[in-house]
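Here is a short tour of one protein chain, written to be read with the model open beside it. Take your time and follow each stop in the viewer.

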Amino acid sequence: MRAHDTTLRTARLALTPLDPAADAAPLHRAYGDDEVMRWWTRPACADVADTERYLASCTGQSGARLWTVRTADGEALGMAGLLGEVEVPGLTWLLRKDAWGRGYATEAATAVVGHALGDLRLDRVEAWVEAANHRSLAVAGRAGLSERARLAQHYAHRAGPHEVVVLGRPREDEPATPLCVIAELPVRDVAATLALLGAALGARTGFVIGDPPEFAELALTPWSGGPRFRLAAVGRRQRVSPVRLQIDVATAAGPLHRRAVDAGARVDGQPERRPWGRTEFVITLHEGHELTVSVPA
C-alpha cells in the first residue's frame, strides 16, 4: 500500500511512490546487502518477505513519504524519502551497491528536499548520519544540508554506541542559530575541580582567570568549539545550590566509569541501565553538583 501518489522526476531518475508489495523484490538487493545496510538502524533483511514487512512498517508511519528511486527505463535502484513519526521531517535514502558513485543518491535526495521545502512547504528537513559515514555526509551536504548538532546513538544490533551528525536545511532563514549552551558551576576550588575532571573525564582546561583561579572553562573534548562548561569560584561561607548536568557520550560506559573511579572522583555505584534507554553513572562534586555521564544502552 502506498502512502501517497506523488511522483518526482530529475534529469536521470523517476521517484515513484514506494509500494512495499510491488517493490520489495527489487529493493531487497539493497535491504538484503550487509554492506549497504552497514550504517542502517537495523541489520540486513533476511529475505524478500522480511524486506516487504520492513518497508510496510516504514510507509505505514504517520507523515512518511517514501519513493522508489528508478532509472529512466524503470529499473529500481533504491529508496529515498521522508521518515514518518519524527519531530523534524527526516531525509532518508538507500541505494543498492552497484548504483553507488554515480550521483544518484545526491540527485534523489535533492529532489526529496526540494519537494519537502517547496511543494509540501515544510519548515525544515534534517538527516541523521553516522559520523564515520563519509559517503552519506557528502550526499547530505550536496543536497543543501549543513551540520546542526551531534548526538550519541546505539542501535540494538550494533556492538556499541556511535556518534551521529544531525544535518539540516530550513525553508527560510532562521532568526538565530544557537550553537551550544554553556553551564556555569559555582565551586569552592576551581583548580582542584579542573584537575579532578581532567583526570576523570579526560577534559582539558580551555582558559583560566586569576591566580589562584577564580574562573575557568572546562572543554570536554580536545576540539575547538566542543561541549564545555565553566567553573566560578565562590567563598567558603557562600551557599551553593547544587546543579545537575547530563553529559552524553558515544562510547562504552565501563571504561569511563573506571577512569572516574581511578581519578578519585565520588562515583556512587556501577553504571546502571535506565528505563529510558541509557546507561548512566553519576559523578558528584564536593559542592553537591551531579554530573550524569550518559551512554545509549
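The report below walks through helices, a pocket and a few backbone details of this predicted model.

## Helix H1 and its packing side

Let us begin with helix H1, which covers residues 20-31. A straight helix of 12 residues would span 16 Å at 1.5 Å a residue, yet the end C-alpha atoms of H1 span only 12 Å. Asp19 caps the N-terminal end of this helix, with a side-chain oxygen 3.1 Å from the backbone nitrogen of Ala21.

Which residues of H1 are buried? They are Pro20, Asp23, Ala24, Leu27, His28, Ala30 and Tyr31. These residues sit on the same side of H1, because they cover an arc of only 160° around the axis. An α-helix has 3.6 residues a turn, so residues three or four places apart point the same way. As for partners, the buried residues of H1 pack against helix H2 and four strands: S2 (13-17), S3 (65-71), S4 (76-83) and S5 (90-95).

## Asp50 in helix H2

Helix H2 runs over residues 48-59 and holds Asp50. Is Asp50 buried or exposed? Its relative accessible area is 14%, which is under the 20% cut-off, so Asp50 counts as buried.

The side chain of Asp50 has a polar atom 2.9 Å from the backbone nitrogen of Ala46. Leaving out residues up to four places away in sequence, Asp50 touches Arg42 and Cys45.

## Helix H5 from end to end

Helix H5 covers residues 190-201. Its 12 residues should span 16 Å at 1.5 Å a residue, and the end C-alpha atoms are indeed 16 Å apart, so the expected span and the span in the model agree.

At the start of H5, a side-chain oxygen of Asp189 comes to within 3.2 Å of the backbone nitrogen of Ala191. Within the helix, the buried residues are Val190, Thr193, Leu194, Leu197, Gly198, Ala200 and Leu201. Just after H5 comes Gly202, which takes a positive phi of about 70°.

## The largest pocket

Now turn to the largest pocket, whose volume is about 1,700 Å³. How many residues line this pocket? There are 44 in the lining, and Ala149, Arg150, Leu151, Gly226 and Pro227 lie nearest the centre. Strands S6 (124-130), S7 (146-153), S8 (162-170), S12 (228-233) and S13 (244-248) each supply at least two residues of the lining. Which strand gives the most? That is S7, with 6 residues.

Leu151 is worth a stop of its own. This residue belongs to strand S7. With a relative accessible area of 27%, Leu151 is partly exposed, because that value falls between the 20% and 50% cut-offs. Not counting residues up to four places away in sequence, Leu151 touches Trp128, His162, Glu163, Val164 and Val166. For a sense of distance across the chain, the C-alpha atoms of Leu151 and Leu285 are separated by 25 Å, with these positions 134 residues apart in sequence numbering.

## His257 in helix H6

Helix H6 spans residues 253-262 and includes His257. Its relative accessibility is 5%, so His257 counts as buried.

What does His257 touch, not counting residues up to four places away in sequence? The contacts are with Val267, Gly269, Gln270, Pro271 and Phe281.

## Backbone details in the loops

Two loop residues have a positive phi although neither is a glycine: Glu85 at about 55° and Arg121 at about 60°. Glu85 lies in the loop between S4 and S5, while Arg121 is found in the loop between helix H3 (104-117) and S6. Are these residues buried or exposed? Glu85 has a relative accessibility of 57%, so this residue counts as exposed. Arg121 has 51%, so Arg121 counts as exposed too.

One more backbone detail is the peptide bond from Asp211 to Pro212, which is cis, with omega near 5°. Where is Pro212? Look in the loop between strand S10 (204-209) and strand S11 (215-219).

Technical notes:
Residues numbered from 1 in each chain as written. Predicted model: local features only at pLDDT ≥ 70, side-chain atom pairs only at ≥ 80, totals over all residues. Heavy atoms only, no water. Buried < 20%, exposed > 50% of the residue type's maximum accessible area, 1.4 Å probe, protein only. Polar contact = N/O pair within 3.5 Å; in protein donor to acceptor, adjacent residues only side chain to side chain. Contact = heavy atoms within 4.5 Å. Expected span 1.5 Å × (residues − 1). Arc of directions from axis to C-beta. 1 Å grid on protein atoms, 1.4 Å probe; cavity = no way out; pocket = protein on both sides within 12 Å on 5 of 7 lines; lining within 4 Å. Points joined across faces, edges and corners; volume = space filled by probe spheres on them.
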